[in-house]
Amino acid sequence: MKAPAFDYIRAATVAEACAALAAEGPDARLIAGGQSLLPAMNLRLASPRMLIDIGRIAGLGRIAVDGDMLRIGALARHDAILRDATVAHHVPLLTEALRHVAHPAIRTRGTIGGNLAHADPASELPACMLALQAVIEAVSPRGTRRIAADAFFAGLFQTALEPDEMLTAVEIPLPAGPFFFQEIARRAGDYAIVGLAASATRFAYFSVADRPAMRAPFAALDFDPPNDLQATGAMRLHLAGVLRDNALTALGIRA
Amino acid sequence: MKIVLTVNGETVRADIEPRVHLADFLREHLSLTGTHLGCEHGVCGACTVRLDGALVRACLVLAVQADGCSVETIEGLSDSGEIADLQKAFHDRNALQCGYCTPGMLIAAQDLLLHDQDPSRAAIREHLSGNYCRCTGYHAIVDAVAATAAERNRGRPG
């Protein structure tokens, strides 16, 4: 199908985007890469009256180590992060996870900021943010706010962002330490049936609940995963346990 | 909204509604019907084109987002001769039947070969995993891409 009609403006700065969001109200949506929003619009699951295109805001896709953290601008595209040597050196968990994010032609457009703000519970990156204890930076007309990843994902496609707030960057504390990443999907690029992004102490499961779920390595997997065409909830729960065991072995963690 | 972009090397000016995606713009406004529309939500890969050199889904890019950009379609890649060997390999190995997925397959395969001169069959399958074929099956397509890579490597010095 085709998207319903909407108005479109291009924001040149973060301030301009936030002002437009505040002025246009809840029927306005930010668009960056559009790889989640445009399918939803074409399927008419979303019908914003106004799109505010932030895709050309200068400098918002920068990837750099800043003191004891890796800072990734919201507009950094999956493909750019995947190919970035600094990311591969400091946070190889992200590099590994990004290999599993959709297909090459989606990764060239999709952005980390859009992915996190979309908050798809089957997505790899939100779980990575939990495992890495990332901090999400958001800007509004009231100023800049830093939100711990643990408090950011609030439910199915829901985040802690206020209606006039824009996600501008993520900050990942360094050193990131050892990692484990594995997901089970029927085909490369498909949505994960279940996945696990883990550091030595934080195991973040995805595709098991309405949001990514963080558990200590040996904590009970008290999830009630959904049934859908890909898998039953019981199969997801079983596979989550398999991934946890794989992670414990790979990371050399003993009870 | 007024846009100016380059399509297959030619400057194009248009005044279009924001809801028109790039695939419809290419097909309906420029009559470049080699870009096919399958699912229209980014799953099937039939609408794959190059945007500023990068592989994209034309159904998931608004034409207004392509303002100021350079777009290359299957017509451009075909006319320039850039993928003549790949097209011949598809033909030789019966890597198409109905042909609906073929433009997207060719552009995605060429993108892989530009980044990886000697891809494994697994790498070819992974790179083409976002392009659906519903009649030929993937085996002959992977054969054609692998054969093209091998042929190009024979032509390279050293």
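These legends describe close-up views of chain B, its partner chain A and the two domains of chain B in a predicted model. Residues are numbered from 1 along each chain as its sequence is written, and chains are lettered from A, with ligands numbered from 1, in the order in which they are written. In this predicted model, local features need pLDDT of at least 70, side-chain atom pairs count only at pLDDT 80 or more, and totals for chains, interfaces and linings use all residues, while side-chain values use heavy atoms and leave out hydrogens and water.

**View 1. Chain B has six helices and five strands.** Helices (H or I, at least four residues) and strands (E, at least two) are DSSP runs, numbered from the N terminus. Along the sequence the pattern reads β-β-α-β-β-β-α-α-α-α-α. Along the principal axes, the C-alpha atoms of chain B fill a box of roughly 50 × 35 × 20 Å. The radius of gyration of chain B is 16 Å, which agrees with the value near 15 Å for a compact globule of 158 residues. That radius is taken over C-alpha atoms, and the globule rule is 2.2 Å times the number of residues to the power 0.38.

**View 2. Chain B meets chain A through 30 residues of chain B and 31 residues of chain A.** Contact means heavy atoms within 4.5 Å. The area buried between the chains is about 2400 Å², with 54% from carbon and sulfur atoms. Buried area is the accessible area (1.4 Å probe) that two parts lose on being put together, summed over both. R19(B), L60(B) and Q65(B) supply 27% of the area that chain B buries against chain A, more than any other three residues.

**View 3. Salt bridges and polar contacts cross the interface of chain B and chain A.** The rule finds three salt bridges here. A salt bridge is a side-chain nitrogen of Lys or Arg within 4 Å of a carboxyl oxygen of Asp or Glu. D24(B) forms a salt bridge with K2(A), and the closest N and O atoms are 2.7 Å apart. There are also 18 residue pairs in polar contact, both residues at pLDDT 80 or more. A polar contact is a pair of N or O atoms within 3.5 Å; within protein, one must be able to donate a hydrogen and the other to accept it, and residues adjacent in sequence count only if both atoms are side-chain atoms. On the side of chain B that touches chain A, β4 (54–57) and α5 (121–127) each supply at least two residues. β4(B) gives the most, with four residues.

**View 4. D52(B) sits in the loop between β3 (48–51) and β4 of chain B.** Leaving aside neighbours within four places in sequence, D52(B) is in contact with C69(B) and S70(B). D52(B) and G68(B) are 16 residues apart in sequence and 9.6 Å apart in space, C-alpha to C-alpha.

**View 5. Chain B is assigned domain 1 (2–77) and domain 2 (83–153).** Domain bounds come from an automatic or database domain assignment. The C-alpha centres of the two domains of chain B lie 22 Å apart. Domain 1 gives 16 residues to the contact and domain 2 gives 15 residues. The two domains bury about 1300 Å² between them, 62% of it on carbon and sulfur atoms. In domain 1, L55(B), I74(B) and L77(B) lose the most area to domain 2, together 37% of what that side buries. Across this interface the rule finds zero salt bridges.
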